[in-house]
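Here is a short note for someone opening this entry for the first time. The points are numbered so that they can be checked one by one against the coordinates.

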Amino acid sequence: SRRAMHKGKITMLGRIMAGSQALIAHSEAGLALFVAYYPPDLHLSQIIVAYGHQVVMVTGCDLFIIDRAVNAVAIARTFDQQGWGLLCMLDDNEHDGLASFAATPVGRLEDGTRLYAGPWRLPRPDDPRHFVIVVPQEGKVLVYWGTPRLRDTVAFLEWPRLYRQRNDIQENSFKRMIDHGALNTNYGRKTIVAPDRH
């Protein structure tokens with residue numbers, strides 16, 4: 001585009017690009033259900049609830065699997081107040097492994113990895129999240145969290161599989177599209193004439 005655009009924090013191969021970000025909901029089959037664009041200087045947490053309302057209204061689906069961009073107690077509370085199910089992953093710096101949770105064993109995955117489920121060891125009344133902890137024989141502990149609606153709807157043993165499936169449906173399909181369309185190619189130089197919105 002030859003039009004002046006505000007700079008935003010979209011990175012591509014180490015560069016800061018102008019433009020917008022797309023938020024795309026996929027079905028379990030990998031089909032795009034709903035697409036919304038938002039400015040690059042807004043964090044996903046600022047628009048995800050309004051977007052969720054649109055997805056629920058259009059599709060009738062109220063169970064979401066979202067990457068760690070929405071990992072926050074406030075988001076969990078908001079989704080819980082709406083009666084929606086949300087599956088996400090806890091950041092590594094937010095827990096000390098199994099010791100952080102009052103967890104009980106719930107089974108094993110096909111490769112023998114042990115699964116535990118439970119709340120925080122020290123109660124946090126304002127935190128509605130329930131956790132599924134994956135303890136592999138080797139490697140780091142992974143902690144998935146879900147809202148009460150998800151906990152009541154989806155079996156704990158399914159949480160890791162569903163989250164990994166989201167990665168393949170979304171992240172890998174985007175990588176394949178980028179590779180096919182040569183979207184990482186950047187020719188020429190860009191001059192931004194308009195003032196920076198920040």
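**Notes on the chain and its packing**

1. The chain exposes about 12200 Å², and carbon and sulfur atoms supply 53% of that area. The model is predicted, not experimental. Of the 198 residues in the chain, 36% count as buried.

2. The secondary structure comes to four helices and 10 strands. Along the sequence they follow the pattern β-β-β-β-α-β-α-β-β-β-β-β-α-α. Among contacts between residues at least 6 apart in sequence, 46% join residues at least 24 apart.

3. The largest nonpolar core has 28 residues. Ile48, Tyr51, Val70, Phe79, Leu86 and Phe131 have the most contacts inside this core. At least two residues of the core come from each of these elements: strand 3 (21-26), strand 4 (32-38), helix 1 (48-59), helix 2, strand 6, strand 9 and strand 10 (142-146). A second core, separate from this one, has 13 residues, among them Leu87, Leu115, Val132 and Trp159.

4. What does Phe131 touch, if residues up to four places away in sequence are not counted? The list is Leu90, Phe101, Tyr116, Ala117, Gly118, Pro119, Trp120, Val143, Tyr144, Trp145 and Trp159.

5. Nine aromatic pairs are found in the whole structure. One of them is Phe64 with Phe79, an edge-to-face pair with 5.5 Å from centre to centre and 85° between the planes. Phe64 belongs to strand 5 (residues 63-65) and Phe79 to helix 2 (residues 73-82), so this pair ties together parts that are 15 residues apart in sequence. Both Phe64 and Phe79 are buried. Together with Trp84, Phe64 and Phe79 form one aromatic cluster.

6. Phe101 and Trp120 form a stacked pair, 5.0 Å centre to centre with 20° between the planes. Phe101 is in the loop between strand 6 (85-89) and strand 7 (104-108), and Trp120 is in the loop between strand 8 (114-118) and strand 9 (130-135), so the pair ties together parts that are 19 residues apart in sequence. Although they lie in loops, Phe101 is buried at a relative accessible area of 1%, and Trp120 is buried at 8%. Both Phe101 and Trp120 also appear among the residues that Phe131 touches.

7. Two arginines should be inspected together with aromatic rings. The charged end of Arg129 sits over the ring of Trp145, 5.3 Å from the ring centre. Arg166 lies over the face of Tyr163, at 5.3 Å from the centre of that ring.

8. Is Thr147 buried or exposed? Thr147 lies in the loop between strand 10 and helix 3 (148-153), yet its relative accessibility is 0%, so it counts as buried. The side chain of Thr147 reaches the backbone nitrogen of Leu86 at 3.0 Å. Apart from neighbours within four places in sequence, Thr147 is in contact with Ala76, Phe79, Asp80, Trp84, Gly85 and Leu86. Of these contacts, Phe79 and Trp84 belong to the aromatic cluster of point 5.

9. Gln46 is another loop residue, placed between strand 4 and helix 1. Its relative accessibility is 55%, so Gln46 counts as exposed. Gln46 and Ile75 are 29 residues apart in sequence, and their C-alpha atoms are 9.6 Å apart in space.

Definitions and conventions
Residues numbered from 1 in each chain as written. Predicted model: local features only at pLDDT ≥ 70, side-chain atom pairs only at ≥ 80, totals over all residues. Heavy atoms only, no water. Phe/Tyr/Trp six-rings, centres within 6.5 Å; stacked < 30°, edge-to-face > 60°. Buried < 20%, exposed > 50% of the residue type's maximum accessible area, 1.4 Å probe, protein only. Lys NZ or Arg CZ within 6 Å of the ring centre and 35° of its normal. Core = buried A, V, L, I, M, F, W, Y, C linked by side-chain atoms within 4.5 Å. Contact = heavy atoms within 4.5 Å. Polar contact = N/O pair within 3.5 Å; in protein donor to acceptor, adjacent residues only side chain to side chain. Areas by Shrake-Rupley, 256 points an atom, 1.4 Å probe, with all protein chains shown as cover.
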